Amino acid sequence: MSVQSIARPFVRQTRRLNTSTLSSSSPSSCLASSSHQSFAHTSLQQQHSLPLRRHGSTATSNQDAQSSALQDLEAASSLASTSTPAGSLPKYDPVARAAKRNRELPPSRYKFRPPKYYRGPLHPHQPPPPSDPSSRLFEPGPFTLPRLQQTYESTFAPDLMTLAYVHYPPGYEAPAKSPRLRPWEGPSPYYKNRPLRGPRGADVLRLLRKPITFRNIPHIEKITVHTMVKGALDDSAHLHVAGMVVQAITNVRATAHKTKKSVAGFGIRKGQHVSVTAELKGEDMYHFLSKCIDVIMPKIKDWRGVKGSSGDSSGNIAFGFSSEEVALFPEVEVNYDAYPPRMIPGCHVVVHTTATNDRDARLLLSSFGIPFYGKRVN
C-alpha cells in the first residue's frame with residue numbers, strides 16, 4: 001500500500017470539512033479557518049512526504065553533507081609555512097643583553113673546576129670521568145691508532161679466539177675438580193683447626209684459566225722498561241745518560257729509584273739512585289713494541305729469540321737488550337754522538353698481558369712476531 005492511498009481519505013475529509021464550514025460561517029471566520037486548514041494541509045503533506053525524501057534522495061543528502069563538511073575546514077593549513085615580515089621579530093643581541101646586566105654571573109655558572117684530590121666515593125664533590133674535557137686527567141685523542149694496535153684488533157684478536165676455542169657439546173658437564181688447598185691429615189693435635197695448606201710442589205696458587213671468549217681475549221696492558229746502572233755508584237753521569245736513553249727510546253719520562261738498604265758486598269749504600277724505569281701504556285706502548293719487533297730484533301746478529309722459560313706464570317713475559325742492542329734504536333742511532341758509547345745502558349723489557357698463564361701470553365706475543373726458543377715452561 002502506497003503512501004498516496006493512505007493520504008487520500010484524509011484529504012477528502014478535510015475538503016468536506018472546509019466546504020461545510022465555508023457555507024455556515026462568516027466571511028472573517030471563513031478566512032481564518034481557511035488559513036488554518038491550509039497550514040494543516042501543508043504540514044500533513046510534509047509529514048507524509050518525509051519518507052519519500054529520505055529514501056529517494058540519499059545521494060543528494062550525501063553531497064550536501066560533504067559540501068557542508070568542506071565548508072567547515074580551514075582555508076589554509078596551520079602546518080604551511082607562512083611568510084613573516086622582516087621587522088616583526090625582535091632581534092637577539094647577546095652583547096647588548098650582557099651589557100644590560102648589572103653584575104657578572106658567578107664563576108660556578110659557566111666554569112667547573114674538578115677537585116684536586118679524590119676524597120672517596122661518598123664525597124659529594126666527585127671528579128668527572130677522564131673522558132670528560134673538564135677532567136684533570138683528560139687527554140685528547142686518539143686521533144689515529146698505531147699500526148700494531150689496528151692489526152691486533154682486526155686480525156690477531158679473532159685468530160687468538162679461534163685458536164683457543166674449546167667446543168663443548170650440548171649437555172656437557174665438567175668433571176669435578178679436587179680442592180686446590182689440602183687439609184692437614186695426621187694424628188698430631190696441631191693439625192686441628194689449622195688453615196689449609198698449598199698444593200704440592202708450590203706454596204703459591206696459580207691463576208685460574210677461564211675459557212677464552214670474545215670478552216677476555218688476551219691483550220697487552222703495559223710495558224715496563226728497566227735498567228740497572230752500576231756505574232751510577234761512582235759517577236751520577238751514568239744515571240743521567242741512562243735516563244736520557246730510556247726516555248728517548250720510550251717517549252716516556254723515566255723515573256729514578258733509590259736503594260732501600262745497604263749491601264756491602266756490592267758496595268751499595270742506602271738511598272743511592274742506581275736504576276731507571278719507564279712505564280708505557282696506550283699508544284707509546286704499541287709504538288715501542290713495533291720498533292722492537294720490526295727494527296731492533298732483525299738487526300741483532302745471531303739472535304735466537306726470547307727464551308721459552310721466560311715468564312712469571314701469570315702472563316707476563318720478559319726479555320732484554322744489551323748496550324750494543326740498545327744503540328740500534330733509531331732515536332739513539334740518529335744522535336749517537338750525543339750519548340757516550342760506554343755509558344749507554346742495557347735494559348730489561350717486561351710485557352704485561354691480561355693472560356693468566358705464560359702459554360696464552362706467548363701465543364699473543366708470537367702473533368705479534370716475537371719468536372721463542374727452547375723449552376716452553378707453562
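Two strands count as paired if DSSP finds at least two bridges between them. Helices (H or I, at least four residues) and strands (E, at least two) are themselves DSSP runs, numbered from the N terminus. The model here is predicted, so to speak of local features a pLDDT of at least 70 is needed, side-chain atom pairs count only at pLDDT 80 or more, and totals for chains, interfaces and linings use all residues. Residues are numbered from 1 along each chain as its sequence is written, and side-chain values use heavy atoms, with hydrogens and water left out.

Start with the sheet. Five strands make an open sheet in the order β2-β3-β1-β6-β5, with antiparallel pairing. At its edges sit β2 (255–258) and β5 (316–321), each pairing on one side only. Neighbouring strands are turned by 25° against each other on average, direction ignored; axes are lines fitted to C-alpha atoms (for helices over the stretch in contact), and angles run from 0 to 180 degrees between N-to-C directions. Strands β1 (residues 220–228) and β3 (residues 273–280) run antiparallel and are joined by 6 bridges. Within this pairing, His226 has Thr277 in β3 as its bridge partner.

Helix α8 (residues 283–299) packs on the sheet and touches β1, β3, β5 and β6 (347–353), where contact means heavy atoms within 4.5 Å. The direction of α8 makes about 65° with that of β1. A second helix, α11 (residues 358–368), lies across β1, β5 and β6 and runs at about 50° to β5. Helix α8 isn't quite straight: a kink of about 35° is centred on Cys292, the bend being the angle between axes fitted to the seven residues ending there and the seven starting there. Cys292 is also one of the buried residues of α8, which include Phe288, Leu289 and Ile296; buried means under 20% relative accessible area, exposed over 50% and partly exposed in between (1.4 Å probe, protein chains only).

Back in the sheet, His352 lies in strand β6 and counts as buried because its relative accessibility is 17%. Its side chain makes a polar contact of 3.1 Å with that of Thr224. Such a contact is a pair of N or O atoms within 3.5 Å; within protein, one must be able to donate a hydrogen and the other to accept it, and residues adjacent in sequence count only if both atoms are side-chain atoms.

The loops hold some oddities. Most residues other than glycine have a negative phi, and most peptide bonds are trans. Yet Asn251, in the loop between α7 (237–250) and β2, has a positive phi of about 65°. Asn251 counts as exposed, at 58% relative accessibility. Gly141 and Pro142 are joined by a cis peptide bond, with omega about 0°.
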